[in-house]
Amino acid sequence: MPAIDVHVHPGTRGLDLDAYSYFRRDLKELPRSEEDFASLFVQQDVKALLIAWHPSTAAGEPRVTNEYALELATKHPAAFAGVLASLEMQREDPEARIRQAAELLKNPKVKGFKFHPPDQAFCPSDRKYYGLWELLAGSQSPVMFHTGFTVLGANSDGGKGIALDHGRPIHLDTLARDFPRMKIIAAHPGWPWCEELMGVATHKRNVYVDTSGYLAEHLPEIFQKAIQGRLQDKALFGTDFPYVSVEKALRSLEAVGFKDVVKEKILYSNAQALFGL
Ligand SMILES: [Zn+2]
């Protein structure tokens, strides 16, 4: 079955080695050349959306920039359906950030935006970002937010300064209320606030979820149930590659025994409709 993976980090740059080992992944399995990275997705019949965000914890690596992700998507259209762009959230001038977003929206390869509130140290419902959300809501481009626990800074003193609170799903509830036209994707099941996320996604029609960071059999039970039931039209297949293997994620989704019609929606048609692919 063809698939769209809405949550792919270019493994070729910006790799957080601590996170990579947290997922018990073997570096030898990781395609580090752009050609190998692209052909892995082509072989699996998966079109990926590339996340153009660089984790603060991968300081020594060449940066994953919007330009870099866009270049990959342009060179390998069979593998990559487009880019989820990122923006600098700590810059002083909010107008400059809005201009940058408007500029990115003109690029047809930009299919949406991705934010990581814990790592980017901002709260999505902070009013100081409302000008930006207004633009993105009006653009109809989906906006993805990391939710829940993050492996970045995990098991280090002070969590490397990263606050989990910014990743709480309830902040997206506020955003979804204030911007009812904004298409919001909560990335990951939001653990340890999975129930909170299920409440938000069930209540707000404009909040979607993705399966990334987990093999299907390891997804919290409440999440597994919801995406086969009430949320089946709003759940998107995502891996969090390279932290989770795309082959294993596909096999695992096959193995959990979801109905074919549900599987097809999660793997393909929900993302196709949401991103207009
Ligand atoms: Zn991710």
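Is R24 buried or exposed? In this predicted model, R24 is exposed, because 6 other C-beta atoms lie within 10 Å of its own, and a residue counts as exposed when that number is 12 or fewer. The chain around R24 folds into eleven helices and eight strands, and buried residues make up 51% of its 277 residues. The points below go from the overall dimensions to the helices, the strands and the nonpolar core.

**Overall dimensions and contacts**

- A compact globule of 277 residues would have a radius of gyration near 19 Å, and the value of 17 Å computed for the chain agrees with that expectation.
- The C-alpha trace spans about 45 × 40 × 40 Å along the principal axes of the chain.
- Among contacts in the chain with a separation of 6 or more, 79% are accounted for by residues 24 or more positions apart.

**The loop at R24**

- R24 belongs to the loop that lies between α1 (17-22) and α2.
- Although R24 and Y243 are 219 residues apart along the chain, their C-alpha atoms are separated by 8.5 Å.

**Helices α2 and α3**

- Helix α2, which covers residues 34-43, has F37, A38, L40 and F41 as buried residues; these cover an arc of only 150° around the axis, which means that they sit on the same side of α2.
- The exposed residues E35, D36 and Q43 are carried on the face of α2 that is turned away from its buried side.
- The packing partners of the buried residues of α2 are the strands β2 (46-51) and β3 (80-85), together with the helix α10 (246-255).
- After α2 comes D45, a residue whose phi is positive, near 60°.
- In helix α3, formed by residues 66-75, the buried residues are N66, Y68, A69, L70, L72 and A73, and the elements that cover them include α2, β2, β3 and α4 (94-105).

**Strands β6, β7 and β8**

- In a regular strand, side chains alternate between the two faces of the sheet.
- Strand β7 (residues 207-210) has V207 and V209 pointing one way and Y208 and D210 pointing the other way, with all of these residues buried.
- Strand β6 (residues 184-187) runs parallel to β7 and is joined to it by three bridges; within this pairing, I185 has Y208 of β7 as its bridge partner.
- Between β6 and β7 the chain passes through helix α8 (residues 194-203), and the resulting β-α-β crossover is right-handed.
- Strand β8 (residues 235-236) also runs parallel to β7, to which it is joined by two bridges, and the bridge partner of V209 in β8 is A235.
- A right-handed β-α-β unit is made by β7, helix α9 (residues 221-228) and β8.

**The nonpolar core**

- In soluble globular proteins, nonpolar side chains tend to be buried together.
- The largest nonpolar core contains 83 residues, and the members that touch the most other members are L50, V83, I184 and A186.
- Leaving aside residues up to four places away in sequence, L50 touches V8, P10, A69, L72, A73, F80 and V83.
- Of the residues that L50 touches, A69, L72 and A73 are among the buried residues of α3.

Methods:
Residues are numbered from 1 along each chain as its sequence is written. This is a predicted model: local features need pLDDT of at least 70, side-chain atom pairs count only at pLDDT 80 or more; totals for chains, interfaces and linings use all residues. A residue is buried if 20 or more other C-beta atoms lie within 10 Å of its own, exposed if 12 or fewer, and partly exposed in between; C-beta atoms are placed from the backbone. Helices (H or I, at least four residues) and strands (E, at least two) are DSSP runs, numbered from the N terminus. The arc is that of the directions from the helix axis to the C-beta atoms. Two residues are in contact if their C-beta atoms, placed from the backbone, lie within 7 Å. The radius of gyration is taken over C-alpha atoms; the globule rule is 2.2 Å times the number of residues to the power 0.38. Two strands pair if DSSP finds at least two bridges between them. A crossover is right-handed if, with the strands pointing away from the viewer, the path from the first strand over the helix to the second runs clockwise. A nonpolar core is a set of buried Ala, Val, Leu, Ile, Met, Phe, Trp, Tyr and Cys residues joined through C-beta atoms within 7 Å.
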